[in-house]
Amino acid sequence: MELRRKLCIVVAVFVIVNEFASGNFVFKVQHKFAGKEKKLEHFKSHDTRRHSRMLASIDLPLGGDSRVDSVGLYFTKIKLGSPPKEYHVQVDTGSDILWVNCKPCPECPSKTNLNFHLSLFDVNASSTSKKVGCDDDFCSFISQSDSCQPAVGCSYHIVYADESTSEGNFIRDKLTLEQVTGDLQTGPLGQEVVFGCGSDQSGQLGKSDSAVDGVMGFGQSNTSVLSQLAATGDAKRVFSHCLDNVKGGGIFAVGVVDSPKVKTTPMVPNQMHYNVMLMGMDVDGTALDLPPSIMRNGGTIVDSGTTLAYFPKVLYDSLIETILARQPVKLHIVEDTFQCFSFSENVDVAFPPVSFEFEDSVKLTVYPHDYLFTLEKELYCFGWQAGGLTTGERTEVILLGDLVLSNKLVVYDLENEVIGWADHNCSSSIKIKDGSGGVYSVGADNLSSAPPLLMITKLLTILSPLIAVALLH
């Protein structure tokens with residue numbers, strides 16, 4: 001395929017559930033990579049893979065947990081076509097299309113070790129499938145209408161930063177979602193969307209140890225499933241998550257949160273990912289000096305798909321030094337990455353909290369049991385990480401992952417361009433409001449119509465940090 005134009009998209013990961021104006025929709029999600037041996041190097045390589053290709057999943061309710069030593073990657077089951085057929089896809093909120101592998105596809109993976117069978121979508125077997133032509137508005141969304149070949153139709157070719165690729169043609173067909181019909185009750189409802197019908201897949205996407213049927217993009221562009229549904233008035237562009245790293249699981253939902261209430265800070269405009277303006281940072285009241293570029297450029301990214309938290313080297317050194325001034329310990333390096341120490345006392349009593357203050361005086365506090373994780377009995381490591389993350393202009397950024405976001409309800413309101421949070425018991429529930437005025441309880445347990453979630457440990461692969469996804473056509 002001739003690659004005529006390239007759009008670079010910095011990837012950000014979130015686990016999402018879709019809520020519609022007439023009701024709430026859910027995705028039943030399982031965790032990736034069951035029964036794998038955990039190694040410390042996997043924790044950071046998980047983040048480098050996410051920063052390169054940022055694949056995650058969507059879930060209501062959420063299984064697993066956000067602890068560094070047991071966090072999972074998520075994939076979900078969706079149904080496509082008429083009659084509806086199940087497909088397992090990873091969800092990427094930083095990219096902007098849904099695609100699944102389609103027949104014929106000789107280079108697509110034929111097996112996976114993720115405890116399900118791979119499926120190829122068959123256009124001819126669906127009575128509602130239609131090709132997306134060159135004159136379709138969707139083609140203009142991806143700036144391809146001028147180069148589109150009528151005989152082929154609107155096509156895509158995605159090249160990820162790890163050189164994995166997927167390519168094929170766009171089709172329009174029915175996506176069946178689980179609509180919430182009451183508190184913790186669901187029923188199926190079909191919605192027509194445009195998605196990619198993949199005819200080729202390569203790189204990590206094609207390897208059997210992590211192969212899935214496709215990827216669901218929930219980015220902010222007009223081509224994402226969320227944006228397609230929002231354009232028809234069927235979806236709210238507001239989503240939230242509550243990650244429980246105490247008991248595991250949590251909540252992910254899309255829709256206006258009725259309770260608990262959250263304080264919000266503006267999103268930095270015109271960004272591909274979820275940037276906020278960090279105004280200050282302190283260790284139990286002792287202020288840290290922020291690099292001018294962070295405050296000037298809004299270089300703080302909130303990313304629920306990243307496990308750890310990453311800082312420019314000078315800020316990282318100051319953070320660790322200030323924490324150790326409060327509680328001296330002897331550090332040693334584990335696997336060339338993590339600063340670890342032996343400790344037998346209560347870390348929440350001995351170590352200080354770390355607070356971040358954002359625009360509009362919105363504060364987020366991270367406690368020792370959040371930023372410290374255990375490898376074995378009485379052996380702790382810092383989840384803070386130094387450097388390695390830059391923008392395309394080579395400006396350093398701060399990346400706040402699950403380590404910072406756990407045990408809080410975090411709300412992303414794309415319609416009002418704000419992000420907010422509040423401390424919350426993520427093993428309890430929240431209330432979300434749909435467009436018709438209905439208010440529904442969304443809990444951390446399975447919905448009554450959903451099967452049990454699998455608790456699965458992730459297997460991680462080392463890739464380059466926070467690069468871009470390129471959408472080529």
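## Exercises on a predicted model

D303 sits in the loop between β20 and β21. The model is predicted: local features need pLDDT of at least 70, side-chain atom pairs count only at pLDDT 80 or more, and totals for chains, interfaces and linings use all residues. Residues are numbered from 1 along each chain as its sequence is written, and side-chain values use heavy atoms, with hydrogens and water left out. Helices (H or I, at least four residues) and strands (E, at least two) are DSSP runs, numbered from the N terminus.

### Exercise 1. An annotated aspartate

Task: state whether D303 is buried or exposed, and find what UniProt lists for D303.

Solution.
- Step 1. Set the classes: buried is under 20% relative accessible area, exposed is over 50%, and partly exposed is in between (1.4 Å probe, protein chains only).
- Step 2. D303 has 0% relative accessibility, so D303 counts as buried.
- Step 3. An unreviewed UniProt entry lists D92 and D303 under "active site". UniProt positions are given in the numbering used here, feature names are shortened, and annotations may be inferred rather than shown by experiment.

### Exercise 2. The five-stranded sheet

Task: write down the strand order of the open sheet and identify its edge strands.

Solution.
- Step 1. Apply the pairing rule: two strands pair if DSSP finds at least two bridges between them.
- Step 2. The order is β17-β20-β29-β21-β28, and the pairing is mixed.
- Step 3. β17 (275-276) and β28 (384-386) are the edges, since each pairs on one side only.
- Step 4. Check the β17 edge. β17 and β20 (residues 300-302) run antiparallel and are joined by two bridges. V276 stands opposite T300 in β20.
- Step 5. Add the helix. α5 (residues 313-326) packs on the sheet and touches β21 (309-311), β28 and β29 (398-400). Contact means heavy atoms within 4.5 Å. The direction of α5 makes about 140° with that of β28. Axes are lines fitted to C-alpha atoms, for helices over the stretch in contact, and angles run from 0 to 180 degrees between N-to-C directions.

### Exercise 3. A glycine after the edge strand

Task: place G387 in its loop and list what G387 touches.

Solution.
- Step 1. G387 lies in the loop between β28 and β29.
- Step 2. Its relative accessible area is 14%, so G387 is buried.
- Step 3. Leave out residues up to four places away in sequence; G387 then touches Y310, F311, P312 and K313.
- Step 4. The C-alpha atoms of G387 and I398 are separated by 8.3 Å, with the two residues 11 apart along the chain.

### Exercise 4. Aromatic pairs

Task: classify the ring pair of Y156 and F170.

Solution.
- Step 1. Rings of Phe, Tyr and Trp (its six-membered ring) pair if their centres lie within 6.5 Å; planes under 30 degrees apart count as stacked, over 60 as edge-to-face and the rest as tilted.
- Step 2. The count by this rule is 17 aromatic pairs.
- Step 3. For Y156 and F170 the centres are 5.5 Å apart and the planes stand at 45°, so the pair is tilted.
- Step 4. Y156 belongs to β9 (residues 155-159) and F170 to β10 (residues 165-182), so the pair ties together parts 14 residues apart in sequence.
- Step 5. Both Y156 and F170 are buried.
- Step 6. Elsewhere, ring pairs link F311, F341, F343, F351, F356, Y371, Y380, F382 and W384 into a cluster.

### Exercise 5. A covered strand

Task: sort the side chains of β30 by direction and name the bridge partner of V411 in β31.

Solution.
- Step 1. In a regular strand the side chains alternate between the two faces of the sheet.
- Step 2. K408, V410 and Y412 point one way from β30; L409, V411 and D413 point the other way.
- Step 3. Six of the six residues of β30 (residues 408-413) are buried.
- Step 4. β13 (residues 238-243) pairs with β30 in the antiparallel sense over five bridges, and S240 stands opposite V411.
- Step 5. β31 (residues 418-423) pairs with β30 in the antiparallel sense over six bridges. V411 has G420 as its bridge partner there.
- Step 6. Four residues separate the strands of the β30 and β31 hairpin, where E417 takes a positive phi near 55°.

### Exercise 6. Backbone exceptions

Task: find the cis peptide bond that ends at P104, and classify the exposure of D336.

Solution.
- Step 1. Most residues other than glycine have a negative phi, and most peptide bonds are trans.
- Step 2. The bond from K103 to P104 is cis, with omega near -10°. P104 is in the loop between β7 (98-101) and β8 (130-131).
- Step 3. D336 is not a glycine, yet has a positive phi of about 60°. At 77% relative accessibility, D336 counts as exposed.
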